[in-house]
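Me: I should like a close look at one part of this structure, the sheets of one chain and what lies against them. Please explain it step by step, in terms suited to a first-year student.

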Amino acid sequence: MIAISNLQVSRGGRSTLDLPAWRVQAGAMALVTGPSGSGKTTLLHVLAGLLRPDRGSVEIDGVAIGALAEPARDAFRAGRIGVVFQTQRLMQSLTVTGNLALALRLARRSADRRRMTDVLGRLDIAHLASRRPRSLSVGEAQRAAIARAIVAGPRLLLADEPTSALDDAHAEAAIDLLCAEARACDATLVVASHDARIFERFDTRLSLERSS
Amino acid sequence: MIALGLIAAAWRDRPLTAALHTLMMAAGVAVATALLLFSVQSDRRLAHDARGIDLVIGAKGSPLQLVMAAVFHIDVPTGNIALADAQRIAADPRVARAAAIGLGDSVRGWRIVGADAAFFALHEAAPAIGRLPEAPMEAVIGADAARRLGLRPGDSFHGAHGLGEGGDHHDEDYTVVGVLAARGSVIDRLIVTPLESIWATHGAPAETAREATAVLVRTKTPFAAMALKQEVNTGTTMVAARPPEEAARLFSLVGAGADAMRGFAVLLIGLAALSVFAGLLSLLRERRGDIALLRAMGATRVTVFGALLGQGLATAALGAGIGIGLGHIAIEAFARMSSQARELGLTGLSAHPGEFVIVTAALGAGLLAALIPAIGAYRVDVAQTLSEAP
């Protein structure tokens, strides 16, 4: 699913990520750990095609994403990758349903109401469908953000520090949800976190060191 | 398609801001449109009405007032001249055609003009039904006046003293003998009767003391018109004026006001564009995270660029549409409420190609206002922005 070799990324003249090799099997639940500044977020951004590596190759589903031109990377991301951010990012000007419909349209899928209702129902937030993001609680917004990330049926689900703002019970629940949803749409899950509470939930782990 | 959805969402999200920007744009376009319609239509009407009349000769006074009264039938006349003087001018060898006219009476605000057959020849007017008047107290009605007054051949009416509505009524009855074919000029709005009728209703002076209000003259050559004007103005107690010159003078008088209004319209459109610019820029600043999120969801740079540019363009387009409509409504309302506006031939029901220029200018202003914010959206560093707290 993911095959990385000799990856090097630098931002603003500083090397932020140096990863000789990493492989993740399709359908695996992978965890990327490391102190802040070790490049966890950078790795997720590279996997999402938001950052272009300076050196090395990144293949996702056999596609060398680093070699694609930007519009092709945008399209690849829209169709095959879902991203959940540390803070529950949703489009403020759209309702929860509007956010899901936008994700579907960007993935060139029809905004199928039943599919959206299914996803919201599975995440137990069907009653929030027509609410604006700013009127949601942190937990509700997180579920809505997960719904937005998975609604188009991604092959790869990326989550950046999904539990850092949550207490033990909610952190547990959030990881349960991510794993369950990744499994439900047969996606590979990569979570970047320095949260020790969730380590044992993952079978594949990658530990990054702060680069010198 | 995605950009359109985002524009609609942005409007729904901030309806007051969107409405304010749209209304400001609409106000600027409405003022510009009304001004354009007014100047084009009144200009065309004046040029059309004065066609074929090279010179107007009347009593001492303002030449502009003389032309406005005797050619365009808007102002009141300067006074009267002796009929003998009018006949002497008509007999001048440089004159191709001359028509003495008598003004002073009206029917419910529609002017009665005393004139002979030369008047119809000058205006190239002929009856559509009935015939031209031959005897005193017979009248032929212009097409618009006939329709609005509901007069037909065989009807009779009372003239009222004065040119406004509600003057004293004369006792004498006019008889309608014909209705003129529409010419699209001032004669459509006049009621024409022989000069004798005017003299009869105003106390029938002796043959030697008869007067006219003015003489309308078509000369054989343009040079003759200038020479004759010079002679009349220096050698007699009368005033001669050339309609095109006076119309031009009128426009230079109202021109300063029109320039101020035009500046005002440009200012309004500029302010609207500036407010769109400020609105989009603050949107870009506050919603940088949303733009980065859009990109993370797979939107291209071009889509987010288009969404912001489209927002400016859509505001301008909606404002321009509303403004064009408001401008037409304003002119039409003015034409219906004021008889002077009607005399100028104003109507909100016809469009002018110049409106295309106004709409283009408004769209250009909207596009320009949105360009810098849109470029900002295009250049948002997604990875960097997503790493920051929202």
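Reply: In this predicted model, strand β1 of chain A, residues 2–11, pairs with strand β4 of chain A, residues 55–60, in the antiparallel sense over five bridges. Within this pairing, A:Ser5 has A:Ser57 of β4(A) as its bridge partner. In general, the strands of a sheet are joined through backbone hydrogen bonds, and the pairing may be parallel or antiparallel.

The two strands belong to an open sheet of four strands in chain A, whose order is β2-β1-β4-β5 and whose pairing is antiparallel. The edges are occupied by β2 (14–24) and β5 (63–64) of chain A; each has a single partner strand, so one side of each is left without a neighbour in the sheet. Helix α1(A) packs on this sheet and touches β1, β2 and β4 of chain A. The direction of α1(A) makes about 120° with that of β1(A).

Chain A also contains an open sheet of five strands, with the order β6-β7-β8-β3-β9 and parallel pairing. Here β6 (81–84) and β9 (204–207) of chain A stand at the edges, and because each has a single partner strand, one side of each lacks a neighbour in the sheet. From one strand to the next, the twist of this sheet averages 15°. Within the sheet, β7 (residues 156–160) and β8 (residues 188–192) of chain A pair in the parallel sense over five bridges. A:Ala159 stands opposite A:Val191 in β8(A). Helix α1(A) packs on this sheet as well, touching β3 (29–33), β6, β7, β8 and β9 of chain A. Its direction makes about 155° with that of β7(A).

The helix leads on to the contact between the chains. In that contact, 26 residues of chain A meet 26 residues of chain B. About 2300 Å² is buried between the two chains, 61% of it on carbon and sulfur atoms. A:Arg89, A:Met91 and A:Leu106 supply 27% of the area that chain A buries against chain B, more than any other three residues.

Five salt bridges are counted between chain A and chain B. One of them joins B:Asp13 to A:Arg132, with the closest N and O atoms 3.3 Å apart. On the side of chain A that touches chain B, the elements giving two or more residues are α1 (40–47), α2 (70–80) and α3 (96–106) of chain A. The largest share, five residues, comes from α3(A). By class, this side of chain A has 11 nonpolar, six polar and nine charged residues.

Methods: Residues are numbered from 1 along each chain as its sequence is written. Chains are lettered from A and ligands numbered from 1 in the order in which they are written. This is a predicted model: local features need pLDDT of at least 70, side-chain atom pairs count only at pLDDT 80 or more; totals for chains, interfaces and linings use all residues. Side-chain values use heavy atoms; hydrogens and water are left out. Contact means heavy atoms within 4.5 Å. Buried area is the accessible area (1.4 Å probe) that two parts lose on being put together, summed over both. A salt bridge is a side-chain nitrogen of Lys or Arg within 4 Å of a carboxyl oxygen of Asp or Glu. Ala, Val, Leu, Ile, Met, Phe, Trp, Tyr, Cys and Pro count as nonpolar, Asp, Glu, Lys and Arg as charged, and the others, Gly among them, as polar. Two strands pair if DSSP finds at least two bridges between them. Axes are lines fitted to C-alpha atoms, for helices over the stretch in contact, and angles run from 0 to 180 degrees between N-to-C directions.
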